[in-house]
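Reader: Thanks for sitting down with me. Could we go through the reasoning behind some of the labels?

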Amino acid sequence: MKKLNTLLFALLSASFAIIIFLTGSILQNVSFTFDQTIYEFLRSTLLTDWVHGLELLSITASKPAIISISLLTMVILWLRTRDYAGIIAVFVFVLVGNVLNKLIKNWTQRERPAMNGVEEGYSFPSGHVMIGFIMYGLIIYLIYHHSPHPLLKTISLILGTLLLIIIGISRIATGEHYATDVVAGYAFGAIILVIAVKVHQSIVQGRRAKQQVDTSF
């Protein structure tokens with residue numbers, strides 16, 4: 001628990017620093033050479049088929065996928081663990097992430113890259129990355145919380161991390177987002193994920209304390 005709390009604090013601190021810097025810069029219409037450099041590097045490095053493959057994988061963070069996987073996660077939590085706190089965390093914080101993403105986009109009003117030919121709406125931060133980070137991060141956390149199998153925990157962490165990296169790269173390589181949109185998506189998503197984990201921990205600890213009081217009588 002102590003290691004997890006230390007990790008969460010470090011993640012929260014780094015995310016806040018990134019968000020303050022990037023959001024302030026975007027509101028002042030600062031241009032980042034980093035954005036164009038990363039885009040050109042990915043386009044020159046990745047084969048066209050690879051870009052299409054990455055784009056397909058990014059569907060795992062699309063709205064239909066987020067809704068479907070969130071519902072499936074809640075059903076599994078109810079059937080296997082009766083973890084009502086986990087069900088609430090998944091439902092509430094994935095929804096909060098979606099609403100907050102739209103609010104931030106409408107506030108910053110950053111136009112999408114000129115290369116974008118599909119996605120509509122504003123660009124900062126990436127919704128796929130932000131909401132995907134919240135949902136998949138929660139799934140990994142809940143697996144760690146419930147599963148007694150070290151191998152399952154390790155596999156979920158590796159696969160979840162790789163998927164989130166691929167989603168971020170795909171949003172840049174396809175021209176749907178700037179690299180700074182993706183970085184901000186990770187940072188905003190991380191903050192909400194940390195809050196969701198702490199809320200879940202608080203509910204679980206409160207329930208355990210209540211059970212201990214009840215059994216003492």
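Reader: Which residues in H1 are buried?

Author: Happy to start there, and please keep in mind that this is a predicted model. In H1, the buried residues are Leu8, Ser15, Ile19, Leu22, Thr23, Ser25 and Ile26. The helix itself covers residues 2–27, and just after H1 comes Asn29, with a positive phi of about 60°.

Reader: How do you know that the length of H1 is close to what is expected?

Author: H1 has 26 residues, and at 1.5 Å a residue the expected reach is 38 Å. From the first C-alpha to the last, the model gives 37 Å, which is close to that value.

Reader: What makes Ala65 buried?

Author: Buried means under 20% relative accessible area. Ala65 has 15%, so Ala65 is buried. This residue lies in helix H4, residues 63–81. Leaving aside residues up to four places away in sequence, Ala65 touches Ile59 and Thr60. Its C-alpha is also 9.6 Å from that of Gly132, although 67 residues separate the two along the chain.

Reader: How many aromatic pairs does the structure hold?

Author: There are 2 aromatic pairs.

Reader: Why is the pair of Phe21 and Phe32 called edge-to-face?

Author: Ring centres within 6.5 Å make a pair, and planes over 60 degrees apart make it edge-to-face. For Phe21 and Phe32 the centres are 6.2 Å apart and the planes meet at 70°, so both conditions are met and the pair is edge-to-face. The two rings link distant parts of the chain, with Phe21 in helix H1 and Phe32 in the loop between H1 and helix H2, 11 residues apart.

Reader: Is Phe21 buried or exposed, and what about Phe32?

Author: Exposed means over 50%, and Phe21 is at 52%, so Phe21 counts as exposed. Phe32 is at 17%, which is under the 20% limit, so Phe32 counts as buried.

Reader: What kind of aromatic pair do Phe133 and Tyr186 form?

Author: Phe133 and Tyr186 are edge-to-face, at 6.1 Å centre to centre with 70° between the planes. Here Phe133 in helix H6 is linked to Tyr186 in helix H8, 53 residues apart.

Reader: Why is Tyr186 called partly exposed?

Author: Its relative accessible area is 23%, which falls between the 20% and 50% cut-offs, so Tyr186 is partly exposed. Phe133 has 16%, so Phe133 is buried.

Reader: Where does Arg82 lie relative to Trp78?

Author: Arg82 lies over the face of Trp78, at 4.5 Å from the ring centre. That distance is within the 6 Å limit for a charge over a ring.

Technical notes:
Residues are numbered from 1 along each chain as its sequence is written. This is a predicted model: local features need pLDDT of at least 70, side-chain atom pairs count only at pLDDT 80 or more; totals for chains, interfaces and linings use all residues. Side-chain values use heavy atoms; hydrogens and water are left out. Helices (H or I, at least four residues) and strands (E, at least two) are DSSP runs, numbered from the N terminus. The expected span of a helix is 1.5 Å times one less than its number of residues. Buried means under 20% relative accessible area, exposed over 50%, partly exposed in between (1.4 Å probe, protein chains only). Contact means heavy atoms within 4.5 Å. Rings of Phe, Tyr and Trp (its six-membered ring) pair if their centres lie within 6.5 Å; planes under 30 degrees apart count as stacked, over 60 as edge-to-face and the rest as tilted. A charge sits over a ring if NZ of Lys or CZ of Arg is within 6 Å of the ring centre and within 35 degrees of the ring normal.
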